[in-house]
Amino acid sequence: MNNQRIVLASRPAAAPSAENFRLEEAALAPLDDGQVRIKNAYLSLDPYMRGRMSDAKSYAQPQPLNETMIGGTVGEVVESRNPAFAVGDKVVGMGGWQLYSTATGRGDIRKVDTTHIPLSAYLGVVGMPGMTAWYGLNKICEPKAGETVCVDAASGAVGSVVGQLAKLKGCTVIGVAGGKDKCDYVTGELGFDACIDYKAHPEPKDFYAALKAVSPKGIDGHFENVGGSILDAVMLRMNAFGRIAMCGMISGYNGAPIPMAAPQLILQSRLKVQGFIVSEHMEHWPAGLTELGTLVATGKLKYRESIADGLANAPQAFFDLLRGKNFGKQLVKLA
């Protein structure tokens, strides 16, 4: 049985391109005792992958060259030499950009129940993006009923969950997204109180005016995914003792520095600004995933997916994700 995979062929100097990836085919090796073979059904594409493609110092080791690109996957066990996993089990893990993956079964995959939750959702709303939203909101932003919470990239896999969870806690929620369709989805489908289309307000002064108009009481909690001028505007609207969860800085993922216009506001408004990596807080995952799964199964947490078809289309889907062309969680259908 042959496997197909995509490896990182070279490191991008700026925006990644097709030349940085290579599609390979090779025979699958026989399983050793304890190993499990998974036929991957969906691959998750996430912004963090851009950082791993570089060899600059970061919170995680760089993606090695000429090895399978890192990535979350869900799929079905098709062969097992591990008594804890049977053929037919649905599992989630970090199988990477490939059709088949091999796991040890010792913490690198876990079974999932697809009775009430679709398999693909375990890569999004009930997976790492959902937990990122859950942790950053609950443990850093710490929203209270009646407060105002803001989140950028609001229609994405993380931001959409942040806003819905904040609404369930009784907060006023402001989203920031790119384009009228995304903003209409954020307010009409997800229930945010307001959404600012940053593309309609390209000048910082205009964006700030739009943000001020929808945050008359200021902002108490902010979930940051983008950085740059959007963060500058939000900081000007932050109330005293406001909390900012620094999740992503996608505006600088290609290596450009991200200046902060008024860092003195951190002191003046006594702000808490905290970065986090959700994989460093695994002790909270069981509680968070249980809550997220229950909300999805009962229809109280909505989500949307953009699905590219076929492994060969993963690089282009990744480029589109970094440019904000996706709508909701970006996946690649592999089987």
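## A cavity inside

When the whole structure is searched, one cavity of 30 Å³ or more turns up. Around the largest cavity sit 15 lining residues, and those closest to its centre are Val-125, Ala-157, Tyr-303, Arg-304 and Lys-329. The volume of the largest cavity is about 90 Å³. How can empty space be found at all? Rolling a probe the size of a water molecule over the atoms shows where empty space is left. Please keep in mind as you read that this is a predicted model.

## A pocket lined by strands

Now turn to the second largest pocket, which holds about 190 Å³ of space. Its lining is made of 13 residues, and Asn-3, Ala-27, Leu-28, Gln-98 and Tyr-100 lie nearest the centre. Which elements give two or more residues to this lining? They are strand E1 (2-8), strand E2 (21-27) and strand E6 (100-103). With four residues, E2 gives the most to the lining of the second largest pocket.

## Helix H3 and its cover

Let's look at helix H3, which spans residues 159-168. How many of its ten residues are buried? Eight of the ten are, so you can call this helix mostly covered. The buried residues of H3 are Gly-159, Ser-160, Val-161, Val-162, Gly-163, Gln-164, Leu-165 and Ala-166.

What covers the buried residues of H3? The cover includes two helices, H2 (128-141) and H8 (285-297), together with strands E8 (148-152), E9 (172-177) and E11 (219-224). Just after H3, the chain reaches Gly-170, which takes a positive phi of about 85 degrees.

## Parallel strands E11, E12 and E13

Strand E11, part of the cover of H3, also has a strand partner. E11 and strand E12 (residues 238-246) run parallel and are joined by five bridges. If you would like to find one of these bridges, look for Phe-223, whose bridge partner in E12 is Ala-245. Together, E11, helix H6 (residues 229-237) and E12 form a right-handed β-α-β unit.

E12 pairs with strand E13 (residues 272-275) too, again in the parallel sense, over four bridges. Here Met-246 stands opposite Gly-275 in E13.

## Strand E14 and its two faces

In a regular strand the side chains alternate between the two faces of the sheet. Strand E14 (residues 305-309) lets you see this pattern for yourself. Ser-306 and Ala-308 point to one face and are buried, while Glu-305, Ile-307 and Asp-309 point to the other and are not.

E14 is joined by five bridges to strand E15 (residues 329-333), and the two run parallel. Opposite Glu-305 stands Lys-329 in E15; Lys-329 is also one of the residues closest to the centre of the largest cavity. E14, helix H9 (residues 314-322) and E15 make a right-handed β-α-β unit.

## Cysteines without a disulfide

A disulfide is a covalent bond between the sulfur atoms of two cysteines. How many disulfides does a search of the whole structure find? The search finds zero.

Why is Cys-141 not bonded to Cys-171? Cys-171 has the closest cysteine sulfur to that of Cys-141, but the two are 9.5 Å apart, which is too far for a bond. For Cys-247, the closest cysteine sulfur is in Cys-141, and at 10 Å this is too far for a bond as well. Are these residues buried or exposed? Cys-141 is buried, with a relative accessible area of 1%, whereas Cys-247 counts as partly exposed because its relative accessibility is 23%.

## Three residues in loops

Two residues that are not glycines have a positive phi. Glu-142, in the loop between H2 and E8, has a positive phi of about 45 degrees. With 39% relative accessibility, Glu-142 counts as partly exposed. Arg-270 lies in the loop between helix H7 (264-268) and E13, and its positive phi is near 50 degrees. Arg-270 is partly exposed, at a relative accessible area of 44%.

Ile-70 is found in the loop between helix H1 (48-53) and strand E4 (73-80). Leaving aside neighbours within four places in sequence, Ile-70 is in contact with Tyr-48, Met-49, Arg-52, Gln-63, Met-94, Gly-96 and Trp-97. Although Ile-70 and Ile-6 are 64 residues apart in sequence, their C-alpha atoms are 9.6 Å apart in space.

How values were computed: Residues numbered from 1 in each chain as written. Predicted model: local features only at pLDDT ≥ 70, side-chain atom pairs only at ≥ 80, totals over all residues. Heavy atoms only, no water. Buried < 20%, exposed > 50% of the residue type's maximum accessible area, 1.4 Å probe, protein only. Contact = heavy atoms within 4.5 Å. Pairing = 2+ DSSP bridges. Right-handed = clockwise from strand over helix to strand, strands pointing away. Disulfide = S-S within 2.5 Å. 1 Å grid on protein atoms, 1.4 Å probe; cavity = no way out; pocket = protein on both sides within 12 Å on 5 of 7 lines; lining within 4 Å. Points joined across faces, edges and corners; volume = space filled by probe spheres on them.
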